[in-house]
There are 2 protein chains.
Amino acid sequence: MSDLRVSAALLREFCRDVFVRCGLTAPEAVTTADNLLFANLRGVDSHGVIRLKVYCDRLRAGSFKRDAKLQWIGESPSTALLDGQAGMGAVVGQAAMAMALAKASASGLGYVAVRNSNHFGACAFYALQAVERGCIGFAATNAGPSMAPSGGCERRLGNNAFGFAIPAGRHAPIVLDMATGAVAWGKIFLAQQEKKKIPVTWALDKYGVPTDDPDVAAQGGLIQPMAGYKGYGLCLLIDLLTGVLAGGAFANQVRTLYDKIGDPTEVAHCFGALRIASFMPENEFLERVDLLIDLMHQCPAAPGVESILVPGEIEHATAQRRSREGIPINATLAKELRELAVELNLPALF
Amino acid sequence: MSDLRVSAALLREFCRDVFVRCGLTAPEAVTTADNLLFANLRGVDSHGVIRLKVYCDRLRAGSFKRDAKLQWIGESPSTALLDGQAGMGAVVGQAAMAMALAKASASGLGYVAVRNSNHFGACAFYALQAVERGCIGFAATNAGPSMAPSGGCERRLGNNAFGFAIPAGRHAPIVLDMATGAVAWGKIFLAQQEKKKIPVTWALDKYGVPTDDPDVAAQGGLIQPMAGYKGYGLCLLIDLLTGVLAGGAFANQVRTLYDKIGDPTEVAHCFGALRIASFMPENEFLERVDLLIDLMHQCPAAPGVESILVPGEIEHATAQRRSREGIPINATLAKELRELAVELNLPALF
């Protein structure tokens, strides 16, 4: 069964219209639709339109706030603190990243911590905005609990994630966007559907013992941190730089997107920008990044390896292809989008 | 055969005297000795006195410069760029971290990139200095090549490392200090000595194929990045934030500490500090970090797990113990230190 394909422009308009029907202001709707489509274009479908329905459900349940009045709590020449007032994650994140970039352009460096926000999509959405402004960009977020500290067996940490974007010259920017868990729940759910075993490095059962059974993992089990205690450390670090520093929720105080849909999630983020011209002329930096990328591309390859890539390269190529060919929509998602259109009295997308 | 134990104070003095005999100024000798003993006290012996001999060899060969005149290349309100002039890594790093802290206290945030330096010891040495100054501290370094990009089979990236330190209240600071490789060469050499197999996630043979044979790994093989392509991405990121941004050496341009002892290593670093009071009163932050640590400590444990820790906790406990009981010195290292004392006409340490 082949997937439907829908042009990014049409899908973006549809999302925007859906969000407006759910009460978002036009600018909020545009930003949030842009954020979802950004992920779909880059092939990161887990952060794309698949989230449209739960965003709408939360808007209608009142736990995502329409027209939220973002509140700046304090600032210094290179830092700021934002309370997102339970607004749309992408809108809150966009405002915070813009402030980080403004600080960086004034003082060389900008860092913004954010509390009381929501699921904000892919970290790369924000980090990449720095690239066009002559900066290295950074974004991170905590998330509802799905991991334990190393040795534990209760969900006390989110699959916290971070992203960096570094501009290049001839090449596409380097974009590192990763979660600190070994895997996303989505992959475990997929293995359940396909009745396949999972690698023992992915998940733990509810007693904290590694399991290769996706059903056992899903029933009260846990995601394992990537790389063992190193991943646990990185995960904790993100909670410190987001929820703890921002005066927001952290660890198991954060709620997951799909749980108790009427309650606030209280996700916290942080954003950073580093101005390249504070260190060297921008062109010189771009040439140096190109050289680093060339050194990776030209590295002799192991048997069976066709090409050596840098982070973000696959996503960049996917975005170019999907811009031409459209976004694939599987049957489950297509049904969900059709139902949303009917519910909200919008013309069907397909 | 039990190890010798030497008091940290005596060992520190010995290192300082050795460095002075090798031509370092008194302040350079003190800082470098402090840096080595910091690692030994915390149980990170791979970055401790085991490096004394190669530091001396490089000082005598002229590739580590005595009395180096560090050169500040440029600065902005929250950033600075330093050329280490091939001085001692710890001395260069100390100066850079002090500048990052000064910037943070003035503008909320400080970031210093450094080129043309040398092996600087444990990242935590610098990051932890931020903790007493009401800041979150960060340090990272590139290193001579020992890894390939994912899919490659030639050493083109160092086992680049980074460290974060976050102050706590009742608890010891959280200190995350890690390399981006799956393992250090030291562990592979140890397996060679003990004629043991190694996990297949540690190393590749010279063709880029995973191997469990430490001899094969050591003979032109490679360290694997931690967590596969995620570790490769982090490793590349550190090269971008250090060598590339600082206008210094990166990737396979950097030389390893033990290779061609007369040539400069051209290691690059970066240092960061984030002022907590820019976000909330310091005491409130410390309480929040304590709560996060408590949440981890109190997490129900998996079978067989005695206690759940946060990063840096083991090292902190080791430092307290070794402060009382002394630093263990194995027979190989003891012989090396005795020979150094004779060569440099210093009284024997034991």
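Here are a few friendly notes on a pocket, a helix and a single residue in this predicted model.

1. **The second largest pocket.** This pocket has a volume of about 230 Å³. It is lined by 13 residues, and the closest to its centre are Ser150(B), Gly151(B), Pro225(B), Gly228(B) and Tyr229(B). If you are wondering about the character of the lining, seven of its residues are nonpolar, six are polar and no residue is charged.

2. **Helix 6 of chain A.** Which residues of this helix, residues 185-193, are buried? They are Trp185(A), Ile188(A) and Ala191(A). Viewed down the helix axis, these buried residues lie within an arc of 120°, so they line one face of helix 6 of chain A. An α-helix has 3.6 residues a turn, so residues three or four places apart point the same way.

3. **What that helix packs against.** The buried residues of helix 6 pack against four elements of chain A: strand 6 (145-147), strand 10 (203-204), helix 7 (214-218) and strand 12 (222-223). After the helix comes Lys195(A), with a positive phi near 50°.

4. **Asn40(B).** You will find Asn40(B) in helix 2 (residues 26-41) of chain B. Is this residue buried or exposed? Its relative accessibility is 3%, and buried means under 20%, so Asn40(B) counts as buried. Leaving aside residues up to four places away in sequence, Asn40(B) touches Asp45(B), Gly48(B), Val49(B), Arg322(B) and Ile327(B).

5. **From Asn40(B) to the pocket lining.** Pro225(B), one of the residues closest to the centre of the second largest pocket, is 185 residues from Asn40(B) in sequence. In space, the two are 25 Å apart, C-alpha to C-alpha.

Key: Residues numbered from 1 in each chain as written. Chains lettered and ligands numbered in written order. Predicted model: local features only at pLDDT ≥ 70, side-chain atom pairs only at ≥ 80, totals over all residues. Heavy atoms only, no water. 1 Å grid on protein atoms, 1.4 Å probe; cavity = no way out; pocket = protein on both sides within 12 Å on 5 of 7 lines; lining within 4 Å. Points joined across faces, edges and corners; volume = space filled by probe spheres on them. Nonpolar A, V, L, I, M, F, W, Y, C, P; charged D, E, K, R; others polar. Buried < 20%, exposed > 50% of the residue type's maximum accessible area, 1.4 Å probe, protein only. Helix = DSSP H or I, 4+ residues; strand = E, 2+ residues; numbered from the N terminus. Arc of directions from axis to C-beta. Contact = heavy atoms within 4.5 Å.
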